Every structure is written in structure tokens, then in C-alpha cells.
Amino acid sequence: IWGMNDLLVVVDGNVRDANNVLPTEIQQITILKGMAAVVLYGSRAAKGVIMITTKRGQAGDPTINVRVNTGVRVPKAFPKYLGSAEYMTYYNEARANDGLAPSFSDEQIYRHASGENPYRYPSLNMYSSDYLRKMYNQSEGIVEIIGGNERVRYYTTTGYSREGTLLKVGNTADDNITRMFARGNIDLDLHENFKVQCLESLRVIEDQQDLLHRTAPSEHQKS
């Protein structure tokens with residue numbers, strides 16, 4: 001497989017975005033490449049195919065699995081930039097090396113360096129603690145229900161996750177991304193030669209950063 005942005009992702013026989021599938025839902029991953037991929041899925045699979053098979057129901061007593069995870073994300077490091085006065089000084093030196101006139105006057109550089117009027121002559125560090133947190137929280141909860149008998153088997157998973165943000169300026173302090181999802185499938189053995197598979201999926205994302213609400217359409221598959 002090459003060209004990670006161009007490979008084809010197939011989930012339970014349907015072409016879909018791999019980001020819509022959680023690791024806890026995956027039963028098996030198969031990778032196809034070369035002629036095997038092209039024969040099955042055409043030219044769009046020329047750079048490879050990742051086939052994801054999600055979990056399915058099993059005959060037996062109902063089983064409920066609950067997972068709750070929470071943690072913090074911490075940046076390894078923040079970029080370090082020059083202040084405005086240092087930047088203007090070195091920029092003038094670079095122009096002088098090229099035989100060009102300076103872009104900033106000595107007075108401008110002094111005003112920015114003195115900090116006497118930070119609103120008119122600012123020297124902002126957008127990576128300082130005034131604008132960014134040192135860490136932010138990410139939490140999720142997932143519930144799985146598995147069960148069935150010899151003729152009917154079912155699998156259902158639902159969950160909720162919330163991810164914060166490093167930003168803490170103005171309204172961005174309340175920014176977060178909330179995801180709610182539900183997925184289920186049913187296997188029906190109506191006859192030894194006739195089987196039916198039904199799949200349903202729903203995903204809702206609420207992004208406070210741009211107030212964008214998106215809902216993935218339901219998916220149906222029968223065989």
C-alpha cells in the first residue's frame with residue numbers, strides 16, 4: 001500500500017471513511033494490493049485496499065461490555081519565536097545583506113522593544129500561557145451488547161466522547177468536540193440457504209469551534 005490519502009477503505013463491504021470506525025468495533029483487518037485489489041474494486045483500488053470487518057453477534061447469553069477512558073493530551077513542545085523587535089532587527093539585516101533599504105525604522109523597533117504601548121506596538125507570543133493551555137482532557141464511554149441464538153444474532157455498540165482544546169482565548173475557552181454514535185447489526189438465518197444481514201450506523205458530531213453539526217446517513221446491507 002502506498003499513498004495513504006488515496007487508498008480505498010472498505011468497511012463491511014461498503015466504501016467508507018475509516019475514521020467512522022472505532023478500534024473497539026473491529027474484528028478483522030485485511031489488506032489487498034496489486035491485481036487482487038484492482039480486480040475486486042477497479043481502478044480506485046490501484047493504491048491498495050484496507051478491508052475492515054466489524055464485530056458481529058454470537059449465539060449465547062447476552063453480554064454487556066462497558067469501557068470508560070479518560071486522559072489528558074500534552075504537547076511535547078511549543079515553537080519558540082522571536083519577539084517583534086528582534087524579528088524587525090533581523091529582517092532589516094537580511095535586507096541590508098541583499099543591498100535593500102530597511103523595512104522598519106529604529107524608532108519602530110524601539111517602540112516595540114520598550115513595551116510602553118503594547119496595543120499600538122505589540123509583541124505577541126501566541127504560544128504563551130496567555131493563549132494556550134498546557135494540556136486538555138479527552139474522555140469517552142462505550143457500551144457493547146452481544147448475544148443471540150442459532151437463528152438470530154445481534155451486536156450493538158453505542159458511545160459518547162468529548163475532546164477539549166488547547167485554546168483558552170475568549171470564547172475558545174469553551175471549545176470542544178462532542179461525538180455520539182451508535183452501530184448495530186443483525187444476522188438472520190432464515191433457511192440453510194437463505195441468510196440476511198442488516199447493518200445500521202448513526203454518528204453525530206457537534207463541534208463548538210464552528211457550530212457545525214453533521215450526521216452520517218444510515219447504512220443498510222443485505223445478503
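The following exercises, each with a worked solution, concern a predicted model of a protein chain.

**Exercise 1. Overall form**

Determine which elements the protein chain contains, in what order they run, and how its radius of gyration stands against the globule rule.

Solution.
1. The protein chain holds 3 helices and 10 strands.
2. Read from the N terminus, the order of the elements is β-β-β-α-β-β-α-α-β-β-β-β-β.
3. For 223 residues the globule rule gives 17 Å, whereas the radius of gyration is 27 Å, well over that value; the protein chain is therefore more spread out than a compact globule.
4. The C-alpha trace spans about 90 × 40 × 25 Å along its principal axes.
5. Of the 223 residues, 28% are buried.
6. Among contacts between residues at least 6 apart in sequence, 62% join residues at least 24 apart.

**Exercise 2. Two helices**

Establish how helix H2 is oriented relative to helix H3, and which residues make the contact.

Solution.
1. Helix H2 covers residues 84–97 and helix H3 covers residues 106–114.
2. Their axes come within 8 Å and cross at roughly 155 degrees.
3. Angles over 145 degrees count as roughly antiparallel, so H2 is roughly antiparallel to H3.
4. On the side of H2, the contact is made by Ser84, Ala85, Met88, Thr89 and Asn92.
5. On the side of H3, the contributors are Gln108, Ile109, His112 and Ala113.
6. By class, the residues of this contact divide into 4 nonpolar, 5 polar and no charged.

**Exercise 3. Arg95**

Describe the surroundings of Arg95: is it buried, partly exposed or exposed, and what does its side chain reach?

Solution.
1. Arg95 belongs to helix H2.
2. Its relative accessibility is 23%. Partly exposed residues lie between the limits of 20% and 50%, so Arg95 counts as partly exposed.
3. Beyond its neighbours within four places in sequence, Arg95 is in contact with Leu100, Ala101, Pro102 and Ser103.
4. With one of these residues, Ala101, the link is specific: the side chain of Arg95 reaches the backbone oxygen of Ala101 at 2.6 Å.
5. As for distance across the model, Arg95 and Asn193 are 98 residues apart in sequence and 80 Å apart in space, C-alpha to C-alpha.

**Exercise 4. Acidic residues in three strands**

For Glu163, Asp189 and Asp207, identify the strand, decide between buried and exposed, and list partners where these are known.

Solution.
1. Glu163 is in strand E7, residues 152–163. Its relative accessible area is 17%; buried means under 20%, so Glu163 is buried.
2. The side chain of Glu163 makes a polar contact with the side chain of Tyr136 at 3.4 Å. Leaving out residues up to four places away in sequence, Glu163 touches Arg73, Tyr136, Asn137, Gln138, Asn176, Ile177 and Arg179.
3. Asp189 lies in strand E8, residues 177–191. With a relative accessible area of 18%, Asp189 is buried.
4. A polar contact of 3.1 Å joins the side chain of Asp189 to the side chain of Arg153. Apart from neighbours within four places in sequence, the residues in contact with Asp189 are Glu150, Arg151, Arg153, Phe194 and Lys195.
5. Asp207 is placed in strand E9, residues 194–207. Its relative accessibility is 12%, so Asp207 counts as buried.
6. Asp207 and Asp175 are 32 residues apart in sequence and 7.7 Å apart in space, C-alpha to C-alpha.

Definitions and conventions:
Residues numbered from 1 in each chain as written. Predicted model: local features only at pLDDT ≥ 70, side-chain atom pairs only at ≥ 80, totals over all residues. Heavy atoms only, no water. Axes fitted to C-alpha atoms, helices over the stretch in contact; angles between N-to-C directions. Helix = DSSP H or I, 4+ residues; strand = E, 2+ residues; numbered from the N terminus. Parallel < 35°, antiparallel > 145°, perpendicular 65-115°, else oblique. Contact = heavy atoms within 4.5 Å. Nonpolar A, V, L, I, M, F, W, Y, C, P; charged D, E, K, R; others polar. Buried < 20%, exposed > 50% of the residue type's maximum accessible area, 1.4 Å probe, protein only. Polar contact = N/O pair within 3.5 Å; in protein donor to acceptor, adjacent residues only side chain to side chain. Rg over C-alpha atoms; globule rule 2.2 N^0.38 Å.
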